[in-house]
Structures are given as structure tokens and as C-alpha cells.
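User: I am new to protein structures and would like to learn how to read one. Could you take me through some features step by step?

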Amino acid sequence: MSALTPQSDTPTPTTDKITQAAMETIYLCKFRVSMDGEWLCLRELDDISLTPDPEPSQEDSWEDLTDLVEQLRDDTEDPNYVMANERMNLMNMAKLSIKGLIESALNLGRTLDSDYAPLQQFFVVMEHCLKHGLKAKKTFLGQNKSFWGPLELVEKFVPEAGEITASVKDLPGLKTPVGRGRAWLRLALMQKKLSEYMKALINRREILSEFYEANALMMEEEGAIIAGLLVGLNVIDANFCMKGEDLDSQVGVIDFSMYLKDGSSSKGSEGDGQITAILDQKNYVEELNRHLSATVNNLQAKVDALEKSNTKLTEELAVANNRIITLQEEMERVKEESSYILESNRKVNKQDRTADGHALTEARKQLKEETQLRLDVEKELEMQIGMRQEMELAMKMLEKDVCEKQDALVVLRQQLDDLRALKLELSFKLQSSDLGVKQKSELNSRLEEKTSQMAATIKLLEQSEKDLVKQAKTLNSAANKLIQKPH
């Protein structure tokens, strides 16, 4: 620092000049650039106070400048300060990227694909966020930093993430962990659960400590903020084709020019944009109306089929009940006959015990046959009762299903009514815009008619003027003749 100390015979600059020079330097170098491997860090230097002290002494100016330089050097050399600055920059870039992606996707009004520029920039920012503070793993080829390791563990916390993890592992074109991580991010966004997976991963910081440094973005509060911001992406519909895309060799560079605002071009196309938005909404509502009408028709057909099957089962149940009643009557009749036979046999045995043994054998045989018939009838009755219970259970299940279908049909009809109302409102807006165009065209036609009428009037006036000139000439000639006659 002795080189910075001024000599006694040279004039010492004032603190105002030093402050002005420092402010000009910071204005030209608004961000400080630092490199950490493949990581590019931009630090904004607004936190440095350059306000001059009131009426400083010339003897202390160089000492103040020396202290300021030492403070700046200590700040830049502190790794915690650099990491905190990187986390803040990444969080701000994630905010801009997510906000810009949602606004542009809603204005576009269609499913996004992999060629959409704001979506590509969002994945680049997310990749930088996941790479921040990664611990380097030693391999045969040297040190390697990859965010595929923590993403692969998400399926342990959220079982639904196992599908996209398996899909990423089955993709044939991916050869590096970086490509697998990029494919995982795209599939999670398509599944509309990227925010849920990131929150589940950030909540397991004891596991993340194996992959990240203690002051990495995923280990600090900024990671939770970014995971909360990702909830807004659930309104976006995206569709990616992973088979033909080369995710291993892509270069992740953030394009800051996409986030510069240009308000001059938006005013000129505001009217056309509103009409286009109304027409797109009208087409969307009509398509949704047709889809819901087809769904309602299908559900109505299913309800009709269920009602027919319900009627058929009711008839079969009535027939089964009639048969059960008939079998019960037959069983009662058999019981009465058997009891009558037993009583008659008893009377015969009492009256004539010396009767013929053959008649007794026939009676016993008939009794056995009647008993067997009674058992058969009881078995059939039990079978009919079991069938009746099964049919009653089936009837209850069908009634429950019909009620659920009717409730769903009511909800769908209500949605259809709401969509029809929205369609009428959009049609009214479109008709009002068409009416304004018609009024302007009618006014234009009226002006053209008035112009043609005025042109015809001008022609008539010119013709009348010519006639008047001719008459004046005729009168002049007549007057000259009259004047010449007396001579």
C-alpha cells in the first residue's frame, strides 16, 4: 500500500474527485464477473456506498481510498460473500425467466415445444441453479459435476417421480448424466409436478448435503423460493420429443437480451392482438363445447343402457320371486301330503297291524320318495334365495352407479351451460366489433354517394353556365342587330 501513498511534493486529490471517478467506473462496470469452473457469476455493485463525507481533509483522502480498496478486496476474496451473491443473481434470473415464460405462454395460447426460446432459457437457468455449489466427484477421467444424482433420488420421496426416472433411463440417445438431468427436467415440466419434486428434494437437506456445499443455492432459502415460484408453471402445457433431441451436447448460456423490455412495438398491435385473442377464445370455447357435447351424449347413452339393464334385472328378479313363492307353496303342499301319509300310516298300523307287508313297503318307499323330493325342493329354494340376494346386491350397485352417473351428468350440463354463456358473450363482443366495421363502411358509402351527387351537380352547373353564355351571346348579337338597323 506504500505505492498508493502520495508524495509530499505532489498535490493530493480531493475526496469528491475520487468519489466521482469511482462512480464513473462502477457505472461502466455495473457487474463484477467471476468464474468458478463452468459457472459465470455477475455481481451488481450497488451495495457500495460512494457518498462523500462532508468537507473531508486532504490528508485523509488517500487513507480512505486505501481502506475502500482493502474492503472491496476482502469482499471479493470471501467465498461466502461470492456464493451469497451468486445465489441472489440466480434467484433473480429464475424470477425473470419464470415470469417471462408464463406471460409469453399465456399470450401464445398453445402447447409449447422444445423450440420455444423462453422455455429453452428457463431450462438453462434451472440447470445453473441445480449446478450451483455441486461437489465435484472424482472419476477415472477427473473431477465431474452433475446434478443428475440428486434428481435421481426424488423417486424415493415422491413415488410418482419413478415413472419419469425410468423413462429417462430408457431413452437410448442419452449418454451423459447432464443429458439425463435435462431430460428429467423436461419430463417433470410436462407432468406439471416440477414444483412438487423440487420442494420434496429441498426438504431433504440431509441427503442434499452429500451432493452440495453448505452454502449452495439448494441448501439455502433461495432454493425454497425458486421451488415456490415453479408452482406458476402448472398453467403451461408443454410437449417434448426426447428421442431425436441431443441433450448431451447442448451449451447452457443465459441470453440476457430476452429480458429487455421494448414498449414501442406493443402499442401498434394492441388492437389486432385483442381481436385475435377474442377469436382464439371463441374457437377454443366452441371446440370445448363440442367435446363436452360428445361427452354428454356418451354419458346419456351409458345411462340409457344402464336403465335398460336395470329394467331387465327388475323383471328377472320379479320372475325369480314368483318362482320362489311357487316353490314355497309346493313345499308346503309336499309337507301336508307327507304328514297326511304319515298319519294315515299310523292309523293303518293301529287299525290293522296284521295287514299285508307289501303295502307297508310301498308306503315306506313312497315316503322316502316324498322325503327326497322335499330335500330337493329345499335345496332349490336355498339356491333361489341365494340368487335373489345376489340380484338385490347387483341392483343396489347399479342404482349407486346410476346415481353417480346422473350427478356427473348434472355437473357436465352445468359446465356446458357456463360454456354456452361464455360463447354468447364472446359472440356478442365479436358482433359489436363487426357492427362498428359495418357502420364505418356505410358512412364511407354515404360519403361516396354525396361526392358523386356533388360531381353531378357541378356538371349541371357547368352545363347551365354554358347555356347562359350561349344565351348571352345570342342576346348580344340580337342587340347589335337592333342597334345597327336605324343606321
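Analyst: What follows is a guided reading of this predicted model, going from a pair of helices to single residues.

User: How does one describe two helices that pack together, and what are the values for H4 and H8?

Analyst: Two packed helices are described by the angle between their axes and by the distance between those axes. Here helix H4, residues 117-131, and helix H8, residues 177-190, have axes that come within 11 Å and cross at roughly 120°. Because that angle falls outside the range of 65 to 115 degrees that counts as roughly perpendicular and is not over 145, H4 and H8 are oblique to each other. Their crossing is right-handed.

User: Which residues of H4 and H8 meet?

Analyst: From H4 come Leu119, Phe122, Phe123, Met126, Glu127 and Leu130, and they meet Val178, Arg182, Leu185, Arg186 and Leu189 of H8. Sorted by class, this contact has eight nonpolar and three charged residues, with no polar ones.

User: How do I judge whether a residue is buried or exposed, taking proline 150 as the case?

Analyst: One looks at the relative accessible area, where under 20% means buried and over 50% means exposed. Proline 150 has a value of 1%, so this residue is buried. Proline 150 lies in helix H5, which covers residues 148-152, and, leaving aside neighbours within four places in sequence, proline 150 is in contact with Leu201, Leu208, Phe211 and Tyr212. The C-alpha atoms of proline 150 and leucine 201 are separated by 7.7 Å, although the two residues are 51 apart along the chain.

User: Where is serine 195 found, and what does it touch?

Analyst: Serine 195 is found in helix H9, residues 194-202, and counts as buried at 4% relative accessibility. Not counting residues up to four places away in sequence, serine 195 touches Ala227, Leu230 and Val231. Between serine 195 and alanine 227 the C-alpha to C-alpha separation is 5.3 Å, while in sequence they are 32 residues apart.

User: Is a charged residue such as glutamate 222 buried or exposed here?

Analyst: Glutamate 222, placed in helix H11 (residues 221-229), counts as buried because its relative accessibility is 13%. Arg87, Met91 and Leu217 are the residues that glutamate 222 touches, again not counting those up to four places away in sequence.

User: Finally, how many disulfides are found, and are cysteine 129 and cysteine 241 buried or exposed?

Analyst: A search of the whole structure finds zero disulfides. Cysteine 129 counts as buried at 2% relative accessibility, whereas cysteine 241 counts as exposed at 56%.

Methods
Residues are numbered from 1 along each chain as its sequence is written. This is a predicted model: local features need pLDDT of at least 70, side-chain atom pairs count only at pLDDT 80 or more; totals for chains, interfaces and linings use all residues. Side-chain values use heavy atoms; hydrogens and water are left out. Helices (H or I, at least four residues) and strands (E, at least two) are DSSP runs, numbered from the N terminus. Buried means under 20% relative accessible area, exposed over 50%, partly exposed in between (1.4 Å probe, protein chains only). Contact means heavy atoms within 4.5 Å. A disulfide is a pair of cysteine sulfur atoms within 2.5 Å. Axes are lines fitted to C-alpha atoms, for helices over the stretch in contact, and angles run from 0 to 180 degrees between N-to-C directions. Angles under 35 degrees count as roughly parallel, over 145 as roughly antiparallel, 65 to 115 as roughly perpendicular and the rest as oblique. A crossing is left-handed if the near helix is turned anticlockwise from the far one by less than a right angle, and right-handed if clockwise. Ala, Val, Leu, Ile, Met, Phe, Trp, Tyr, Cys and Pro count as nonpolar, Asp, Glu, Lys and Arg as charged, and the others, Gly among them, as polar.
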